[in-house]
Amino acid sequence: MTAAVFRWVDPPAGPAIELLDQTRLPRAEVVVTCADVPSLIDAIARLAVRGAPLLGIAGAFGVALAAARGDDVAAAAEAISAARPTAVNLAWGAGLALDAYLRARPAGDFLAAGKRPYEAALEQARAIADADRLACRQMAGHGLALVPEGARILTHCNTGALVTAGEGTAFGLVMAAHRAGRLAMLWIDETRPLLQGARLTAYEASLAGLPHRVLADCAAASLMAAGQVDLVAVGADRIAADGSVANKIGTYSLAVLARHHRVPFLVVAPMSTVDFCTKDGRSIVIEERAPDEVTSLAGQPIAPAGSGAYNPAFDVTPPELVTAIVTERGVAHPVTPGSLRVLGADA
Ligand code: MRU
């Protein structure tokens with residue numbers, strides 16, 4: 001990867017956000033410039049920029065961009081937060097940057113120091129990115145203890161450097177296992193309908209030189225039945241207070257399969273993805289996406305014209321199917337409201 005995944009730029013024409021368009025990977029590295037909030041929202045909605053931790057970073061920088069442009073910053077934060085409803089990090093990051101901006105606006109330290117209020121939002125956005133980079137290292141450190149020698153790890157969707165400020169959540173753990181000499185194979189679910197596994201995780205695995213193979217999502221059952229999977233490791237878009245995990249559609253099926261085949265099922269996610277305000281899995285709003293993501297492939301129709309589709313972007317895995325949740329603050333195991341609350345205390 002030669003281009004930066006996500007960065008703030010400040011040319012004479014005014015600040016903007018540059019991002020690597022993930023819809024074009026792995027075939028082309030195309031950088032998109034978002035000079036205003038509507039173009040950032042468009043990039044978020046069409047998954048040019050995606051994945052929970054990066055959405056948190058994007059949300060915060062988006063608010064800084066609105067502030068720098070002199071837009072209505074509260075309205076911008078609300079619009080950004082609504083662009084994708086399931087990934088809690090998006091609204092979380094936008095909200096933190098908005099708070100920083102509002103605190104700086106009246107006449108606080110920032111004005112005294114000769115800075116403009118948008119810089120407070122920008123500093124907050126940079127702090128979120130820095131904290132995420134550190135969290136990735138810490139999650140990998142905590143999770144490594146759960147990875148056996150010669151591990152064959154199955155993952156779903158994409159959780160690496162394309163969606164975090166570091167090496168990733170579940171993929172960061174895979175990288176740590178590889179460096180420790182413990183990774184025998186990374187099995188990558190293709191992740192229908194938008195193929196984040198085949199297009200993005202396999203791309204990251206190739207760049208990192210990991211032993212890996214891509215499989216159709218529906219092949220996971222026979223792979224586990226053949227005894228070829230030692231561990232499942234996935235990320236999360238929102239974890240409710242009871243430990244229910246919303247993640248890419250297909251995650252729940254994997255968890256059911258893992259339980260049947262007695263394979264440990266790990267969720268690796270930063271505490272910013274744990275939403276103590278959402279009490280349980282039923283309360284998580286699931287994003288429903290356009291039918292043509294299912295009825296077409298690479299722009300070509302694969303179903304008869306007029307066929308409808310069921311296209312939830314995420315599903316919810318109940319806590320009893322999750323062996324452990326690995327965060328930067330430690331590991332919740334077993335996954336209960338209590339074990340999560342202990343990790344969240346004084347956060
Ligand atoms: O719809 P996407 O591609 O944004 O979904 C992303 C996922 O489901 C990831 O698994 C999740 O955000 C964890 S990213 C570290």
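Reader: Where is Leu-47 found?

Author: In this predicted model, Leu-47 is found in the loop between helix H1 (37–45) and helix H2.

Reader: What is the sign of its phi angle, positive or negative?

Author: Leu-47 has a positive phi of about 70°, although it is not a glycine. Most residues other than glycine have a negative phi.

Reader: Let us turn to peptide bonds. Which one is cis, with omega near 5°, and leads to Pro-26?

Author: The bond from Leu-25 to Pro-26 is cis. Pro-26 belongs to the loop between strand E2 (16–20) and strand E3 (31–34). A cis peptide bond also joins Arg-192 and Pro-193, with omega about 5°. Pro-193 lies in the loop between strand E5 (183–189) and helix H8 (196–208).

Reader: Now the ligand. Which residues come nearest to it?

Author: There are 17 residues around the ligand, and Arg-50, Arg-84, Asp-237, Asn-247 and Lys-248 come nearest. The shell consists of six nonpolar, seven polar and four charged residues. Helix H2 (52–69) and strand E9 (245–248) each supply at least two of the shell residues.

Reader: How far is a side-chain N or O atom of Arg-50 from an oxygen atom of the ligand?

Author: That distance is 2.5 Å. For the side chain of Gln-196, the corresponding distance is 2.9 Å. Gly-51 uses a backbone N or O atom, which lies 3.1 Å from a ligand oxygen atom.

Reader: How much of the ligand's accessible area does the protein cover?

Author: The protein covers 100% of the 410 Å² that the ligand has on its own. The space taken by the ligand is the largest cavity.

Reader: Why does the ligand lie between the two domains?

Author: It lies between them because domain 1 (6–135) and domain 2 (138–344) both give residues to its shell.

Note on methods:
Residues are numbered from 1 along each chain as its sequence is written. This is a predicted model: local features need pLDDT of at least 70, side-chain atom pairs count only at pLDDT 80 or more; totals for chains, interfaces and linings use all residues. Side-chain values use heavy atoms; hydrogens and water are left out. A residue is near a molecule or strand if one of its heavy atoms lies within 4 Å of it. A polar contact is a pair of N or O atoms within 3.5 Å; within protein, one must be able to donate a hydrogen and the other to accept it, and residues adjacent in sequence count only if both atoms are side-chain atoms. Accessible areas come from the Shrake-Rupley method with a 1.4 Å probe; for residues, only the protein chains shown count as cover. On a 1 Å grid over the protein atoms alone, a cavity is a set of points where a 1.4 Å probe fits but cannot get out, and a pocket is an open set with protein on both sides within 12 Å along at least five of seven lines; lining residues have an atom within 4 Å of a point. A molecule sits in a cavity or pocket if more than half of its atoms lie within 2 Å of its grid points. Helices (H or I, at least four residues) and strands (E, at least two) are DSSP runs, numbered from the N terminus. Ala, Val, Leu, Ile, Met, Phe, Trp, Tyr, Cys and Pro count as nonpolar, Asp, Glu, Lys and Arg as charged, and the others, Gly among them, as polar. Domain bounds come from an automatic or database domain assignment.
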